[in-house]
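Let's take a walk through this one, from the overall fold down to a few side chains.

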Amino acid sequence: PADGQNWIWPGTGYQNGDTIFLFVGKLGQGVPDTQKIAKVMLSDYSLNSYYTLPYCNGINFSNAVVQSDGYRYIYGTKSNGFGNDLFVARYPENNIYANWEYYNGNGNWGTDINTITRIWDEFTSSFYVCKIKNKYVLITTEFSVGCDEGRSILVATADNPYGPFTSQHSIWQADDSLEGHYPFLYIANPHPEYDNGHDELLITY
């Protein structure tokens, strides 16, 4: 922003027709964290507008978006003091400005965010969800806040966008190193759009 005191932190996003919707947060000293949706035109990547999300109960909805069954499911996290809780909301796939529904347990959804229920918790800050064939895949990373710490990328799967996610296991140990040290591992993002035809999933981190 022009004031030079704040900055925009981009999260997940998606393309819908000629428009890109990008979930971003406004951060900085002396200002409350604000969640916005940036509307970007695909033709020239110009910023069309910002839309400020309503009250989110401290949940940062910017981890992942999954399109399925006529909805877009948006995943977000909130610190629980010892790691993070993962939550999911949804809205009609072609109307991000509609009233969101929040998962509140037992397969139910409601419009009151105060009834939202966590679907996962883990001692990490990296969460991502994607849909592959008929499964929802949760991808996280082993806790790390610096070099030579957690190196594992983990996955769990579910039949529904809200879980339950089960059978979590490690699929990769980061082996990058420089002068004998392993890097700070975080934000493991899958790219199911790059299908090589061999039932493999590309993950960047």
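What follows starts with the whole chain and ends at the surface.

First, the ground rules: this is a predicted model, where local features need pLDDT of at least 70, side-chain atom pairs count only at pLDDT 80 or more, and totals for chains, interfaces and linings use all residues. Residues are numbered from 1 along each chain as its sequence is written, and side-chain values use heavy atoms, leaving out hydrogens and water.

The chain has 16 strands and 0 helices, with strands being DSSP E runs of at least two residues and helices H or I runs of at least four, numbered from the N terminus. Its C-alpha trace spans about 45 × 45 × 40 Å along the principal axes. The radius of gyration is 18 Å, which agrees with the value near 17 Å for a compact globule of 205 residues; that rule is 2.2 Å times the number of residues to the power 0.38, and the radius is taken over C-alpha atoms.

Of the 205 residues, 40% are buried, meaning under 20% relative accessible area (exposed is over 50%, partly exposed in between; 1.4 Å probe, protein chains only). Cys56 counts as buried because its relative accessibility is 9%, and Cys130 is buried too, at 5%. The structure holds 0 disulfides, a disulfide being a pair of cysteine sulfur atoms within 2.5 Å.

Now look outside. Phe82 sits in the loop between strand S6 (71-79) and strand S7 (84-92). Phe82 counts as exposed because its relative accessibility is 62%.
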